[in-house]
Amino acid sequence: MAQRALRRVFVYGTLKRGEPNHHLLANADNGYAKFICKGSTNRRFPLIVATRYNIPFLLDKPGTGSYVTGEIYEVDDPLFEQLDVLEDYRKLYDRQVEDINVGIEGGNLPCWLYLLRNCPDRLLKLPMLTEYRNSLEQPYSRRPPGKVNIFEELLKGDE
């Protein structure tokens, strides 16, 4: 039996357990996903909530913001492709490997994470989080697929 290639992914927003898009990881029809552990970034990043859809964004501004807490999953290629679709990989987000701190005993694990590159500096004026949680004050709302260009909305400042 051939082994599946697995990749570790660090999720910090709506894909975490208990959050609105976790079903993508929990549904075996999308591919294989296994929760590994909680962790936090080794570098500071700004984690913000923006747009009328209250989407969490990790901005590609290392050294700014906080150490961000999230969850690490092992996923197979079909699920990794699903994550790319959800994150609008290459259109909205880019991804890169970052070392994620999993505690004194566990050390660091290299994981893929999604970052918003080329973001307007004014986004750095928004409140920065250490951990995302969907809330009644800023409820996450799914955007209609293909109907809204979130990056254009961020550039215009329609938050």
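Start with the cysteines: select Cys37 and Cys111 and show their sulfur atoms. Keep in mind as you click around that this is a predicted model. The sulfur of Cys37 has its closest cysteine sulfur in Cys111, and at 7.7 Å that is too far for a bond. A disulfide would need the two sulfur atoms within 2.5 Å. Searching the whole structure turns up 0 disulfides.

While those two are still selected, switch on a surface. Are they buried or exposed? Cys37 counts as buried, with 18% relative accessibility. Cys111 counts as buried too, at 1%.

Next, select residues 69-76, which make up strand 5. This strand is mostly covered, with 6 of its 8 residues buried. Now look for its neighbours. Add residues 6-11, and you have strand 1, joined to strand 5 by 6 bridges in an antiparallel arrangement. For a landmark on that side, pick Phe10, which stands opposite Ile72 of strand 5.

Then add residues 33-41. That's strand 2, also antiparallel to strand 5, and 7 bridges join the pair. A handy pair to label here is Lys34 and its bridge partner in strand 5, Glu74.

Step along to residue 76. Asp76 caps the N-terminal end of helix 2. Draw a distance from its side-chain oxygen to the backbone nitrogen of Leu79, and you should get 3.1 Å.

Now select helix 2 itself, residues 77-86. Which of its residues are buried? Colour Leu79, Phe80, Leu83 and Asp84, because these are buried and they cover an arc of only 150° around the axis, which puts them on the same side of the helix. The general rule helps here: an α-helix has 3.6 residues a turn, so residues three or four places apart point the same way. Turn the model to view the other side of helix 2, and you'll find Glu81 and Val85 exposed.

Turn back to the buried side and ask: what do the buried residues of helix 2 pack against? Quite a list, it turns out: strand 1, helix 1 (23-26), strand 2, strand 5, strand 6 (93-101) and strand 7 (108-116). Show each of these in its own colour, and you can pick out the contacts one by one.

For the last stop, go just past the end of helix 2 and select Asp88. Check its backbone angles: Asp88 takes a positive phi of about 50°.

Terms used. Residues are numbered from 1 along each chain as its sequence is written. This is a predicted model: local features need pLDDT of at least 70, side-chain atom pairs count only at pLDDT 80 or more; totals for chains, interfaces and linings use all residues. Side-chain values use heavy atoms; hydrogens and water are left out. Buried means under 20% relative accessible area, exposed over 50%, partly exposed in between (1.4 Å probe, protein chains only). Helices (H or I, at least four residues) and strands (E, at least two) are DSSP runs, numbered from the N terminus. Two strands pair if DSSP finds at least two bridges between them. The arc is that of the directions from the helix axis to the C-beta atoms. Contact means heavy atoms within 4.5 Å. A polar contact is a pair of N or O atoms within 3.5 Å; within protein, one must be able to donate a hydrogen and the other to accept it, and residues adjacent in sequence count only if both atoms are side-chain atoms.
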